[in-house]
Amino acid sequence: MERYTGAFEEAVDGARQQERHYQLLSALQSLVKELPSSFQQRLSYTTLSDLALALLDGTVFEIVQGLLEIQHLTEKSLYNQRLRLQNEHRVLRQALRQKHQEAQQACRPHNLPVLQAAQQRELEAVEHRIREEQRAMDQKIVLELDRKVADQQSTLEKAGVAGFYVTTNPQQPFCTPGADAADEPVGAHQEATAEGPPGGEDSHVTRWGLCQLPAARHG
């Protein structure tokens, strides 16, 4: 009797797992329909089915949550570093402006043109230094974000999540196979900017992070 009971429970569990798999697969398919057709073509039924299987026991959701927490801490740290640098530059500009004003006030009129020319050269040198420091900071940010993305991709690949592997190709936001030949060195596809946050609205920096893991709920 116990044998039959055990077999029945296994059959029920199997049916529940199959139903859960179907629900996740349906959710994934719905999400894919919202993507551009070029991305839809990369996400085959097999890939979506394998991804749904990986989501069944909830382990992947826990992994993703951990990765997101690390990502948010990284983003906050990098943002604060860049903000501190901008504040330092602001103070530097203010101090230089004050220094120049005081020097001009104390300068004799016939020496003023020479002084102003020297101050202009000093100002240009400082602005060049600021641009270089901003560019270096932006490059550092991009490289750090690229490394974090690679860590996320590697972790999810090792967890057996379908479609995930390490790539630096910005044209593969969903980490689907098939673009290895086009991969670039980490950070090579980024352009740092000297003003404002690194990258633009469509840049890798503003959309970095976990490759769009479907938002199907677990439970």
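## The chain as a whole

A residue counts as buried when its relative accessible area is under 20%, as exposed when that area is over 50%, and as partly exposed in between. With that in hand, take a look at this predicted model: of the chain's 219 residues, 33% count as buried.

What about the fold? The chain has 5 helices and 0 strands. Going along the sequence, you read the pattern α-α-α-α-α.

## Helix H5, end to end

Let's start with helix H5, which runs over residues 112-158. How far apart should its ends be? At 1.5 Å a residue, its 47 residues should span 69 Å, and the C-alpha atoms at its ends are 68 Å apart, so the two values agree. Just after H5 comes Gly-160, with a positive phi of about 85°.

## H4 and H5 side by side

Now bring in helix H4, residues 59-106. The axes of H4 and H5 come within 11 Å and cross at roughly 175°. Angles over 145 degrees count as roughly antiparallel, and therefore H4 and H5 are described that way relative to each other. Sorted by class, their contact has 18 nonpolar, 11 polar and 11 charged residues.

## Links between the two helices

Which residue forms a salt bridge with Glu-127? That partner is Arg-93, and the closest N and O atoms of the pair are 2.8 Å apart. Glu-127 sits in H5 and Arg-93 in H4, so this pair ties together parts that are 34 residues apart in sequence. Arg-93 is partly exposed, because its relative accessible area is 28%, which lies between the cut-offs of 20% and 50%.

Gln-71 is another residue to find, this time in helix H4. Is Gln-71 buried or exposed? It counts as buried, because its relative accessibility is 7% and the cut-off is under 20%. The side chain of Gln-71 also makes a polar contact, at 2.9 Å, with the side chain of Gln-152.

Then there's Lys-140, which lies in helix H5. Its relative accessibility is 41%, so Lys-140 counts as partly exposed. What does the side chain of Lys-140 touch? It makes a polar contact with the side chain of Gln-81, at 2.6 Å. Lys-140 can also be paired with Leu-78: these two are 62 residues apart in sequence, while their C-alpha atoms are 9.0 Å apart in space.

## Salt bridges within H5

How many salt bridges does the structure hold? There are 6, and you've already met the one between Glu-127 and Arg-93. Here are two others to pick out on the model.

One of them joins Arg-135 to Glu-132, with the closest N and O atoms 2.7 Å apart. Both residues are in helix H5, and because they are 3 residues apart there, about one helical turn separates them. Arg-135 is partly exposed at a relative accessible area of 30%, and Glu-132 is partly exposed too, at 38%.

The other joins Glu-144 to Arg-147, where the closest N and O atoms are 3.1 Å apart. These residues also lie in H5, 3 residues apart, or about one turn of the helix. Glu-144 has a relative accessible area of 22%, so it counts as partly exposed. Arg-147 falls in that class as well, with a value of 44%.

How values were computed
Residues numbered from 1 in each chain as written. Predicted model: local features only at pLDDT ≥ 70, side-chain atom pairs only at ≥ 80, totals over all residues. Heavy atoms only, no water. Helix = DSSP H or I, 4+ residues; strand = E, 2+ residues; numbered from the N terminus. Expected span 1.5 Å × (residues − 1). Buried < 20%, exposed > 50% of the residue type's maximum accessible area, 1.4 Å probe, protein only. Polar contact = N/O pair within 3.5 Å; in protein donor to acceptor, adjacent residues only side chain to side chain. Salt bridge = Lys/Arg side-chain N within 4 Å of Asp/Glu carboxyl O. Axes fitted to C-alpha atoms, helices over the stretch in contact; angles between N-to-C directions. Parallel < 35°, antiparallel > 145°, perpendicular 65-115°, else oblique. Nonpolar A, V, L, I, M, F, W, Y, C, P; charged D, E, K, R; others polar.
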